Amino acid sequence: MVLSLYKFDYYLKNVIWGGSKISEYKNITLPSNDIGECWEISGIKEHESSVIGGPDSGLPLSQLLAKYGEKIVGKETYQKFGNEFPILIKILDTRDKLSFQVHPGEELALTRHHSHGKTEMWYVVDSEGDAQIHAGFNRDISFDEYRRMVEDGSLVNVINCFHPKVGEIYLIEPGTVHAIGAGNLLIEVQQTSDITYRIFDYNRRDKNGKLRELHTELACDAINYSADRNIHLQPVEVCKDTELLVNCNCFNVKKIRISGVRNIDLSQRDCFTILMSIDADFTIQANECKEDLGRGHAILVSAFVDNVTVDGNGELLMVTMPE
């Protein structure tokens with residue numbers, strides 16, 4: 001029997017730049033102090049989410065879609081993506097700075113990797129002191145300039161530098177060179193893709209003492225060499241206590257403020273909805289299902305659901321397909 005609400009297990013990723021903040025944020029125990037990513041809902045084959053609870057407990061997300069199809073994700077989404085869930089939700093903890101990198105667009109990713117491209121957005125949960133985000137060239141550059149700057153380590157000089165604050169949003173389109181600085185805790189919403197071209201990594205070495213692999217040649221064809229300033233976005237109020245953060249061609253993200261009990265009408269769209277708690281604990285009810293949603297956790301609302309009741313005091317991200 002298809003359910004109205006689904007919770008999933010999460011995948012913790014060890015990386016050299018990761019830390020321990022996800023433990024306190026999500027109120028979970030981490031296996032180490034170098035956890036940089038927590039994948040909340042993932043359709044990536046190697047790290048696919050599985051259902052927690054209910055008659056389909058333990059079933060991988062792709063098999064859940066194979067079983068119930070458009071009842072879970074909606075007719076149009078199922079026709080386009082089949083059993084591949086189109087959105088990946090993460091939490092990022094950057095104890096150290098990340099490499100400068102870029103993601104390919106849809107056409108290049110399909111040609112090279114038989115994969116989707118990668119558009120992503122970041123919601124700033126916490127940012128320490130002088131933490132930074134680098135994204136997009138601050139002026140047009142040539143291919144030759146890019147190659148020279150990669151070689152001499154000066155690429156950072158032509159990339160926009162932001163000083164993120166809690167609640168800010170950043171949209172990283174394919175082709176945008178970017179790097180998250182140390183001291184940031186972010187929620188990331190992205191396409192289902194795990195393709196990253198690493199361009200510059202401060203000559204860091206991995207746990208085995210080897211220089212981390214760079215993808216300089218692959219990145220050349222993926223980069224947008226024009227100045228890009230449409231990165232730090234401003235939310236738009238769409239109704240009381242609801243702000244539109246991003247509506248791009250890959251996903252729609254809103255922030256909803258909950259004060260007590262609030263009903264969310266989903267009847268106008270035939271599409272799944274992801275609710276993710278930013279800062280509080282909530283109770284979510286839809287038809288026969290009632291689930292607790294802790295801070296930093298996400299829940300999937302099936303496409304056939306017309307109304308969700310949320311009880312709590314705090315803020316949620318609501319993620320759907322583009323409107």
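## Around Lys 13

Which residues does Lys 13 touch, not counting residues up to four places away in sequence? In this predicted model, the list is Asp 34, Ile 35, Gly 36, Glu 37 and Trp 39. Lys 13 itself sits in strand 2, which covers residues 11–19.

Lys 13 has a relative accessible area of 22%, so it counts as partly exposed, given that buried means under 20%. As for a longer reach along the chain, Glu 76 is 63 residues away from Lys 13 in sequence, and their C-alpha atoms are separated by 32 Å.

## The nonpolar cores

Next, the hydrophobic side of things. In soluble globular proteins, nonpolar side chains tend to be buried together. Here the largest nonpolar core has 69 residues, and the members that touch the most others are Tyr 6, Phe 85, Ile 87, Phe 251 and Ile 274. The biggest contribution to this core comes from strand 22 (residues 307–320), which puts in six residues.

Take Phe 85 as an example. Setting aside neighbours within four places in sequence, Phe 85 is in contact with Ile 41, Leu 61, Leu 65, Val 73, Thr 192, Phe 272, Ile 274 and Leu 300. Another core, of 23 residues, lies apart from the largest one, and its members include Ala 109, Ile 195, Tyr 197 and Ala 222.

## Arg 198, a buried charge

Arg 198 belongs to strand 13, residues 197–200. What is the nearest side chain of opposite charge to this buried arginine? That would be Asp 201, but at 4.9 Å away, and Arg 198 has no salt bridge. The cut-off is 4 Å, so Asp 201 falls outside it.

The side chain of Arg 198 does have a backbone partner, though: one of its polar atoms lies 2.7 Å from the backbone oxygen of Glu 213. Beyond four places in sequence, Arg 198 touches Ser 99, Phe 100 and Gln 101, along with Arg 212, Glu 213, Leu 214, His 215 and Thr 216.

## Val 177 in its loop

Val 177 is in the loop that runs between strand 10 (169–172) and strand 11 (178–180). Is this loop residue buried or exposed? Val 177 is buried, with a relative accessible area of 1%.

Not counting residues up to four places away in sequence, Val 177 touches Phe 100, Gln 101, Val 102, His 134, Ala 135, Gly 136, Phe 137, Leu 155, Ile 159, Ile 199 and Ile 223. Phe 100 and Gln 101 also turn up among the contacts of Arg 198. Arg 112, 65 residues from Val 177 in sequence, is 19 Å from it in space, C-alpha to C-alpha.

Terms used:
Residues are numbered from 1 along each chain as its sequence is written. This is a predicted model: local features need pLDDT of at least 70, side-chain atom pairs count only at pLDDT 80 or more; totals for chains, interfaces and linings use all residues. Side-chain values use heavy atoms; hydrogens and water are left out. Helices (H or I, at least four residues) and strands (E, at least two) are DSSP runs, numbered from the N terminus. Buried means under 20% relative accessible area, exposed over 50%, partly exposed in between (1.4 Å probe, protein chains only). Lys and Arg count as positive and Asp and Glu as negative; His and the chain ends are not counted. A polar contact is a pair of N or O atoms within 3.5 Å; within protein, one must be able to donate a hydrogen and the other to accept it, and residues adjacent in sequence count only if both atoms are side-chain atoms. Contact means heavy atoms within 4.5 Å. A nonpolar core is a set of buried Ala, Val, Leu, Ile, Met, Phe, Trp, Tyr and Cys residues joined through side-chain atoms within 4.5 Å.
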